[in-house]
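Visitor: Could you show me a protein model and explain how its labels are earned?
Guide: Gladly, take a look.

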Amino acid sequence: MRNVPARSTDQHRVRTAAQTSGAGPAGPKEPRRGGDGSGTAVITRPKTQTKRPSMYRVLLLNDDYTPMEFVIEVLRIYFNKGSDDANRIMMHVHQHGVGECGVFTYEVAETKVTQVMDFARKHQHPLQCIMEKK
C-alpha cells in the first residue's frame, strides 16, 4: 500500500473553485457578453400560436317515417334542448328537410352523430343524422 499525503481541505476547495470557474492553465476565461456589453444576454422565445379547432354542425334529416315525438326525444336526450327548442328544431326539420342540432368540435360532433344513429336504429327508425364542417 502506498502512502499518499493527505491534502488539506483548503487546497481541495481552491482547486474545485478554480475548476468550476473555468480557470485553466492560461487563467480564468473571459465571460461571454451580450451585444450591449452588460454581460447578460436575453433569450427570446417565439410565442406559440394555438389554433382554434374546426367546428362541425350536427344536422338531422327529415324522413317520412320517424315520429315527431321521437325526434323531440333525440333532441332532448343527446343535445340537451328544452321542450320549446326541441319542438322548434323538429318543426324546422319537418318543414325544410334539415335542421341544425348544434355546433361542436369534430370529436364531439362525431360522437353525437353515432349516438343518435344507434338510438334511431335501436328503435327501428330511419332517422339520419350527419355532420358538416362549419
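Here are some questions about a helix and two cysteines in this predicted model.

Visitor: How do you know that the length of helix 3 agrees with its number of residues?
Guide: Helix 3 runs over residues 83–96, which makes 14 residues. At 1.5 Å a residue they should span 20 Å, and the end C-alpha atoms are 20 Å apart, so the two agree.

Visitor: Which residues of helix 3 are buried?
Guide: They are Ala86, Ile89, Met90 and Val93. These residues cover an arc of only 100° around the axis, so they lie on the same side of helix 3. In an α-helix there are 3.6 residues a turn, so residues three or four places apart point the same way.

Visitor: What do those buried residues pack against?
Guide: The buried residues of helix 3 pack against strand 1 (55–61), helix 2 (68–79) and strand 2 (98–105). On the other side of helix 3, Asp84, Arg88, Gln95 and His96 are exposed.

Visitor: Why is Cys101 called buried?
Guide: Buried means under 20% relative accessible area. Cys101 has 2% relative accessibility, so Cys101 counts as buried. Cys129, at 4% relative accessibility, therefore counts as buried too.

Visitor: Why is there no bond between the sulfur of Cys101 and that of Cys129?
Guide: A disulfide needs a pair of cysteine sulfur atoms within 2.5 Å. The closest cysteine sulfur to that of Cys101 is in Cys129, 5.5 Å away, so the distance is too far for a bond. The structure holds 0 disulfides.

Definitions and conventions:
Residues are numbered from 1 along each chain as its sequence is written. This is a predicted model: local features need pLDDT of at least 70, side-chain atom pairs count only at pLDDT 80 or more; totals for chains, interfaces and linings use all residues. Side-chain values use heavy atoms; hydrogens and water are left out. Helices (H or I, at least four residues) and strands (E, at least two) are DSSP runs, numbered from the N terminus. The expected span of a helix is 1.5 Å times one less than its number of residues. Buried means under 20% relative accessible area, exposed over 50%, partly exposed in between (1.4 Å probe, protein chains only). The arc is that of the directions from the helix axis to the C-beta atoms. Contact means heavy atoms within 4.5 Å.
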